[in-house]
Amino acid sequence: MYHGTFWARALAASNQAELVGIWDDDAGRGHEGARAVGTRYVPELARLLDACDAICITSETARHADLVERAAAAGCHVLCEKPLATTMADCDRIRRAVDAAGITFMQGYPKRFDPASHELKRLVDSGDLGTVTLVRVRHGHLYGLRRPDGPARVDA
């Protein structure tokens with residue numbers, strides 16, 4: 001549910017998008033997710049696809065191909081969470097659906113847009129760090145700074 005909430009909050013906060021709803025095959029989880037980001041739960045996927053131009057797919061990986069095919073057939077652009085699929089055959093299904101529909105498709109990898117990643121790149125490009133010969137990045141949820149069960153943690 002983390003990735004779905006992440007993308008829904010990003011869309012809700014954007015002045016370039018409107019979050020029109022959330023669908024989930026688990027109604028309880030769908031209602032909870034919609035409530036968490038201040039939108040409505042839409043129990044029928046087809047109805048939600050008809051109401052939007054683009055969707056974010058954050059389901060279990062094994063369901064990605066089916067959902068991309070349905071979204072593409074409805075003419076919706078797709079942001080699909082990683083990993084793309086569980087098999088190469090499903091990756092091929094996704095590619096064929098995207099190509100046939102002519103939609104825009106992007107795999108979700110938000111670290112490309114993360115301000116921390118941009119700052120790290122700026123530091124390397126500026127030369128302020130000297131010659132960089134090895135980099136180890138531990139970059140996860142909350143950057144490893146806080147654990148739900150205890151104090152802040154930073155690896156040095």
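The exercises below, each with a worked solution, concern a predicted model.

**Exercise 1. The overall layout**

Task: State how many helices and strands the protein has, and in what order its elements run.

Solution.
Step 1. Count the elements. The protein has 6 helices and 3 strands.
Step 2. Read them from the N terminus on. The order is α-α-α-β-α-β-α-β-α.
Step 3. Turn to burial. Of the 156 residues in the protein, 28% are buried.
Step 4. Look at the surface. The accessible area comes to about 10,400 Å², and carbon and sulfur atoms hold 55% of that area.
Step 5. Look at contacts with a separation of 6 or more. Residues 24 or more positions apart account for 47% of these contacts.

**Exercise 2. The surroundings of Asp24**

Task: Locate Asp24, decide whether Asp24 is buried or exposed, and find what its side chain contacts.

Solution.
Step 1. Place the residue. Asp24 sits in the loop that links α1 (2-13) to α2 (27-37).
Step 2. Apply the cut-off. Buried means under 20% relative accessible area. Asp24 has 16%, so Asp24 counts as buried.
Step 3. Follow the side chain to the backbone. A polar atom of the Asp24 side chain lies 2.8 Å from the backbone nitrogen of Asp26.
Step 4. Follow the side chain to another side chain. Asp24 makes a polar contact with the side chain of Arg29 at 2.8 Å. This pair also forms a salt bridge, with the closest N and O atoms 2.8 Å apart.
Step 5. Check the partner. Arg29 has a relative accessibility of 31% and counts as partly exposed.
Step 6. List the contacts, leaving aside neighbours within four places in sequence. Asp24 is in contact with Arg29, Gly30 and Tyr41.

**Exercise 3. The buried side of α2**

Task: Identify the buried residues of α2 and explain why they lie on the same side of the helix.

Solution.
Step 1. Pick out the residues. Gly30, Gly33, Ala34 and Val37 are the buried residues of α2.
Step 2. Take their directions around the axis. They cover an arc of only 95 degrees, so they fall on the same side of α2.
Step 3. Recall the geometry. An α-helix has 3.6 residues a turn, so residues three or four places apart point the same way.
Step 4. Find the cover. The elements over these buried residues include α1.
Step 5. Inspect the start of α2. A side-chain oxygen of Asp26 comes within 3.1 Å of the backbone nitrogen of Gly28.
Step 6. Inspect the other end. Just after α2, Gly38 has a positive phi of about 70 degrees.

**Exercise 4. The salt bridges of Arg93**

Task: Find which residues form salt bridges with Arg93, and say where each lies.

Solution.
Step 1. Start from the total. The structure holds 12 salt bridges.
Step 2. Take Glu69. The side chains of Arg93 and Glu69 meet at 2.6 Å, N to O. Arg93 belongs to α5 and Glu69 to α4 (residues 64-73), so the pair ties together parts 24 residues apart in sequence.
Step 3. Compare burial. Arg93, with a relative accessible area of 21%, is partly exposed. Glu69, at 29%, also counts as partly exposed.
Step 4. Take Asp90. The closest N and O atoms of Arg93 and Asp90 are 3.0 Å apart. Both residues lie in α5, 3 residues apart, about one turn of the helix. Asp90 is buried, with a relative accessible area of 13%.
Step 5. Look for a network elsewhere. Salt bridges with shared partners join Asp24, Asp25, Arg29, Glu60 and Arg63 into one network.

**Exercise 5. A cis bond and a surface patch**

Task: Find which peptide bond is cis at Pro83, and which residues form a nonpolar patch with Val132.

Solution.
Step 1. Read the omega angle. The peptide bond from Lys82 to Pro83 is cis, with omega near -15 degrees.
Step 2. Place the proline. Pro83 is in the loop between β2 (77-81) and α5 (88-101).
Step 3. Assemble the patch. Val132 joins Leu120, Val124, Leu129, Val135 and Val137 in a nonpolar surface patch. Together these residues have about 510 Å² of accessible area.
Step 4. Place Val132. Val132 belongs to the segment after α6 (115-126).
Step 5. Check its exposure. Val132 has a relative accessible area of 37% and is partly exposed.

How values were computed:
Residues numbered from 1 in each chain as written. Predicted model: local features only at pLDDT ≥ 70, side-chain atom pairs only at ≥ 80, totals over all residues. Heavy atoms only, no water. Helix = DSSP H or I, 4+ residues; strand = E, 2+ residues; numbered from the N terminus. Polar contact = N/O pair within 3.5 Å; in protein donor to acceptor, adjacent residues only side chain to side chain. Contact = heavy atoms within 4.5 Å. Buried < 20%, exposed > 50% of the residue type's maximum accessible area, 1.4 Å probe, protein only. Arc of directions from axis to C-beta. Patch = residues over 30% accessible without salt bridge, like charges linked within 9 Å, V, L, I, M, F, W, Y side chains within 5 Å. Areas by Shrake-Rupley, 256 points an atom, 1.4 Å probe, with all protein chains shown as cover. Salt bridge = Lys/Arg side-chain N within 4 Å of Asp/Glu carboxyl O.
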